[in-house]
Amino acid sequence: MDRRRRIAAYGICRAPDGRLLLVRASAATDRPGVWQVPGGGIEHGEHPADAVVREFAEKTGLTVEVRGLRAVVADVQTGPDAALHTDRIVYDVAPLGGTPREATAGSSDRVEWVEPGRLAGLPLMPFTAELFGRPVEPVPADRTVPSTAGTGHGTVTPAGGDRPARGQRFAAYGLVTDPAGRVLLTLIAPGFPGAGSWHLPGGGTDHGEQPVAALLRELAEEADQVGRVTALLDVSHRRNPAALGPEGYPIDWHAVRAIFRVVVDAPTAARVTEAAGGSTADAAWFPSAEAAGLPLTDVAAAVLPRLAP
């Protein structure tokens with residue numbers, strides 16, 4: 001079975017009277033009649049927050065602004081020949097203007113403000129049901145999994161070649177501390193992008209894996225620690241048009257990173273385990289002031305100031 005991936009952004013939008021904006025999937029999709037919060041695939045190099053604003057304009061007719069980050073989840077939709085893993089970034093958004101359309105072309109055929117009490121009677125996408133505390137009903141699996149062409153997590157291979165030219169990657173990282181206030185960092189090994197820089201523990205999620213589960217797995221593999229996720233801090237992205245990694249040739253990589261706050265209640269000496277593979281050369285605990293002076297990756301440098309008193 002073909003395993004595919006995509007990264008998408010969605011928004012929870014409420015009217016002043018508490019109604020929720022939902023869209024209904026059209027007959028042209030693999031899930032006709034099923035409702036969900038508006039959103040869709042992130043384009044290559046696009047920040048997820050920009051993607052949700054664009055998707056709202058395209059699919060609902062509304063102009064919105066992002067007010068906060070709600071959740072980062074993943075799910076797998078299975079068809080006869082493929083399994084599509086979608087990493088979903090969900091924001092809280094507020095309407096600034098526009099009028100919801102009666103219908104939209106393509107993936108949705110209806111846009112509607114829905115009273116919260118009506119949710120119980122609507123067929124909902126599982127991630128949307130979970131967002132609103134409704135029972136999760138599986139989407140029928142006897143339909144074709146939609147194509148991820150032009151979006152998503154996979155790679156794009158140029159015509160006539162067998163080397164991927166670009167790809168998207170979804171990863172989960174942790175700002176990890178212990179009861180003494182030390183911060184845990186990992187050292188990127190030679191031959192990998194960012195070699196010699198200290199990084200947040202974490203890494204790419206596997207097909208079918210939830211972001212939090214992936215982060216705790218990576219924490220065990222890269223530093224031999226058992227952590228506890230306490231909060232979702234941020235979602236960032238970075239596009240490197242010519243990343244040179246172990247493939248041995250440049251690839252246009254677009255990375256989308258979910259950053260979580262993690263506490264290790266019973267820290268031990270950090271060590272890289274065999275399961276981590278070759279990308280992590282070392283792991284260590286540092287006082288936060290000392291960590292700030294190390295050569296850091298962009299994502300580590302951006303998030304460490306959150307530890308300042």
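# A walk through the chain, starting at T297

Select T297 to begin: you'll find T297 in the loop between α4 (288-292) and α5 (298-303). This is a predicted model, by the way, so keep that in mind as you click around. Is T297 buried or exposed? T297 has a relative accessibility of 10%, and under 20% is the cut-off, so T297 counts as buried. Now show what surrounds T297: leaving out residues up to four places away in sequence, T297 touches I188, S197, W198 and H199.

**Zoom out for a moment**

Colour by secondary structure and you should find five helices and 15 strands in the chain. The chain has 309 residues, and 48% of them are buried. Turn on the surface: the chain exposes about 13,900 Å², with carbon and sulfur atoms supplying 51% of that. Contacts reach across the sequence too. Taking the contacts with a separation of 6 or more, 72% are between residues 24 or more positions apart.

Next, colour by confidence. The mean pLDDT of the chain is 88, and 88% of the residues reach 70 or more. Where is confidence lowest, and where is it highest? The lowest is strand β8 (residues 155-156), with a mean of 52, while the highest is β11, at 98. Also select residues 149-153, where pLDDT stays under 50; the model has 16 contacts for them beyond four places in sequence. Where pLDDT is low, the predicted coordinates should not be read in detail.

**The aromatic pairs**

Show the rings of Phe, Tyr and Trp. How many aromatic pairs does the count come to? The count is two. Start with Y10 and F127: their ring centres are 4.7 Å apart and their planes sit at 50°, so this pair is tilted. The pair links distant parts of the chain, with Y10 in strand β1 (residues 2-13) and F127 in helix α2 (residues 126-131), 117 residues apart. Y10 counts as buried at 2% relative accessibility, and F127 does too, at 4%.

Now go to W198, which you met as a contact of T297, and add F286. W198 and F286 make an edge-to-face pair, 5.0 Å from centre to centre and with 80° between the planes. W198 lies in strand β11 (residues 198-199) and F286 in strand β15 (residues 280-286), so the pair ties together parts that are 88 residues apart in sequence. Both W198 and F286 are buried.

**Into the cores**

Select I89 and Y91 next. In the largest nonpolar core, which has 34 residues, I89 and Y91 touch the most other members. Show the contacts of I89, not counting residues up to four places away in sequence, and you'll get a list that includes I7, A8, Y10, I42, P48, F170, V235 and V256. Apart from this core lies another, of 19 residues; W35, V37, F127 and A129 are among them.

**Two helices to compare by eye**

Pick helix α1 (residues 48-60). It has 13 residues and reaches 18 Å from its first C-alpha to its last, close to the 18 Å expected at 1.5 Å a residue. Which residues of α1 are buried? They are P48, A49, A51, V52, R54, E55, F56, K59 and T60. Step past the end of α1 to G61, whose phi is positive, near 85°.

Then select helix α3 (residues 211-223). α3 has 13 residues and spans 18 Å from first C-alpha to last, close to the 18 Å expected at 1.5 Å a residue. Highlight the buried residues of α3, including P211, A214, L215, L219 and A223. Just after α3 comes D224, with a positive phi of about 60°.

**Two serines to finish**

Select S236, in strand β13 (residues 228-244). S236 is buried, with a relative accessible area of 15%. Not counting residues up to four places away in sequence, S236 touches H47, A255, V256, R257 and V299. You may recognise V256 from the contacts of I89.

The last stop is S108, found in strand β7 (residues 108-114). S108 is buried as well, at a relative accessible area of 3%. Try drawing a distance from the C-alpha atom of S108 to that of A27: the two are separated by 8.2 Å, though they are 81 residues apart along the chain. Finally, show the residues S108 touches beyond four places in sequence: V23, R24, A25, S26 and K59. K59 was on the list of buried residues in α1.

Note on methods: Residues are numbered from 1 along each chain as its sequence is written. This is a predicted model: local features need pLDDT of at least 70, side-chain atom pairs count only at pLDDT 80 or more; totals for chains, interfaces and linings use all residues. Side-chain values use heavy atoms; hydrogens and water are left out. Rings of Phe, Tyr and Trp (its six-membered ring) pair if their centres lie within 6.5 Å; planes under 30 degrees apart count as stacked, over 60 as edge-to-face and the rest as tilted. Helices (H or I, at least four residues) and strands (E, at least two) are DSSP runs, numbered from the N terminus. Buried means under 20% relative accessible area, exposed over 50%, partly exposed in between (1.4 Å probe, protein chains only). Contact means heavy atoms within 4.5 Å. Accessible areas come from the Shrake-Rupley method with a 1.4 Å probe; for residues, only the protein chains shown count as cover. A nonpolar core is a set of buried Ala, Val, Leu, Ile, Met, Phe, Trp, Tyr and Cys residues joined through side-chain atoms within 4.5 Å. The expected span of a helix is 1.5 Å times one less than its number of residues. pLDDT is the predictor's confidence in each residue, from 0 to 100.
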